[in-house]
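Got the viewer open? Here is a walk through the model, one selection at a time.

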Amino acid sequence: MQIDAPCVVSLSWRLEDAHGQLFDELVEPVEFFVGGDDLLNKVEEALIGQGEGFEATLHLEPEHAFGDYDPALVFFEERSAFSGHIEAGMQFDGVPEGATTQGMPNEVVYTVTEAFETHVVFDGNHPLAGIALVLALKVRDVRAASEVEIEHGSVAQQTVTVLSTVPPSTQLH
């Protein structure tokens, strides 16, 4: 079967920065929905028209991956503003409850990058923002998408990876 939206592809890959530092590796294939939000646009563009066994190495500049790093998405809060436990690596969908910083967008995921005794640092950038990436991938399988997958624009019960737009934890997959 040829890859064309909508369909589901099983991929294995190795994701590194331009200097060869490994960020993510899928040795066992993982399924992704083509035609939705599961993969970066440049990855989908490379896959369209291909089939099982296709291999490619993609060089992704920040604008084709997770964007440039935006220092305006970083803010500091007094630790005392948060009643519960807070530590580096925690993530919040939108500005965390208790935050007093004004004007921060609420439609991004904020990661606690540092938690000090007196204050906490929140960062709304994707962990790979501003980094040029090299993705070596292989298509292991291609199948038709189910009606549910087409309706949701995603593979049901997918393992989260760095190529999803917002990872819900510090673990890459």
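**Stop one: a lysine and its partner**

Start by selecting Lys-138, which counts as partly exposed at 26% relative accessibility. Keep in mind as you go that this is a predicted model. Now add Glu-55: its side chain meets that of Lys-138 in a salt bridge, 3.8 Å from N to O. Lys-138 sits in strand β8 and Glu-55 in strand β3, so this pair ties together parts that are 83 residues apart in sequence. Glu-55 is exposed, with a relative accessible area of 54%.

**Stop two: the other salt bridges**

How many salt bridges are there by this rule? The count comes to six. For another one, pick Arg-143 and Glu-31, whose side chains come to 2.9 Å, N to O. Here Arg-143 belongs to strand β8 and Glu-31 to strand β2, so the link ties together parts that are 112 residues apart in sequence. Both ends are partly exposed: Arg-143 has a relative accessible area of 24%, and Glu-31 has 28%.

Next, select Glu-16 and Arg-14, which form a salt bridge with their closest N and O atoms 2.7 Å apart. Arg-14 is partly exposed at 33% relative accessible area. Add Glu-25 to the selection too, since salt bridges that share partners join Arg-14, Glu-16 and Glu-25 into one network.

**Stop three: His-59**

Go back to β3, residues 55–60, and pick out His-59. Buried or exposed? His-59 is exposed, with a relative accessible area of 62%. Looking past its neighbours within four places in sequence, you'll find His-59 in contact with Leu-133 and Val-134. Draw a C-alpha to C-alpha distance from His-59 to Ala-136 as well: the two are 77 residues apart in sequence and 8.9 Å apart in space.

**Stop four: the first hairpin and the cores**

Colour β1 and β2 now. They pair in the antiparallel sense over nine bridges, and Leu-11 stands opposite Val-30 in β2. The two strands make a hairpin with four residues between them. Click on Gly-20 in that turn, where phi is positive at about 90°.

Then show the side chains of Val-9, Trp-13, Leu-39, Val-43 and Leu-47. These have the most contacts inside the largest nonpolar core, a set of 27 residues. The elements giving two or more residues to this core are β1 (7–17), β2 (22–34), α1 (41–47), β3 and β8 (133–144). Apart from that core lies another, of nine residues, among them Met-104, Val-108, Tyr-110 and Val-112.

Zoom in on Val-9 for a moment. Not counting residues up to four places away in sequence, its contacts include Ile-3, Val-30, Phe-32, Leu-39, Leu-47 and Val-142.

**Stop five: β7 and its neighbours**

Move over to strand β7, residues 119–123. Four of its five residues are buried, so β7 is largely enclosed by the rest of the structure. Strand β4 (residues 74–78) runs antiparallel to β7 and is joined to it by five bridges; look for Glu-77 opposite Val-120. Strand β6 (residues 109–115) is also antiparallel to β7, with four bridges, and the bridge partner of Glu-114 is Val-121. β6 and β7 form a hairpin with three residues between them.

From β6, step across to strand β5 (residues 91–93), which is joined to β6 by three antiparallel bridges. Phe-92 stands opposite Tyr-110 there.

Back in β7, select Val-121. At 5% relative accessibility, Val-121 counts as buried. Its contacts beyond four places in sequence include Val-74, Phe-76, Val-112, Glu-114 and Phe-116. Its C-alpha atom is 8.6 Å from that of Ala-88, which is 33 residues away along the chain.

**Last stop: Asp-123**

Finish on Asp-123, also in β7. Which side chain of opposite charge is nearest to Asp-123, and how far away is it? The nearest is Arg-79, at 17 Å; Asp-123 is buried yet has no salt bridge. Instead of that, look at the backbone nitrogen of Asn-125, which the side chain of Asp-123 reaches at 2.8 Å. To see its surroundings, show Tyr-69, Leu-73, Val-74, Val-109, Tyr-110, Thr-111 and Thr-113: Asp-123 touches each of these, leaving out residues up to four places away in sequence.

Definitions and conventions
Residues are numbered from 1 along each chain as its sequence is written. This is a predicted model: local features need pLDDT of at least 70, side-chain atom pairs count only at pLDDT 80 or more; totals for chains, interfaces and linings use all residues. Side-chain values use heavy atoms; hydrogens and water are left out. Buried means under 20% relative accessible area, exposed over 50%, partly exposed in between (1.4 Å probe, protein chains only). Contact means heavy atoms within 4.5 Å. A nonpolar core is a set of buried Ala, Val, Leu, Ile, Met, Phe, Trp, Tyr and Cys residues joined through side-chain atoms within 4.5 Å. Lys and Arg count as positive and Asp and Glu as negative; His and the chain ends are not counted. A salt bridge is a side-chain nitrogen of Lys or Arg within 4 Å of a carboxyl oxygen of Asp or Glu. A polar contact is a pair of N or O atoms within 3.5 Å; within protein, one must be able to donate a hydrogen and the other to accept it, and residues adjacent in sequence count only if both atoms are side-chain atoms. Two strands pair if DSSP finds at least two bridges between them.
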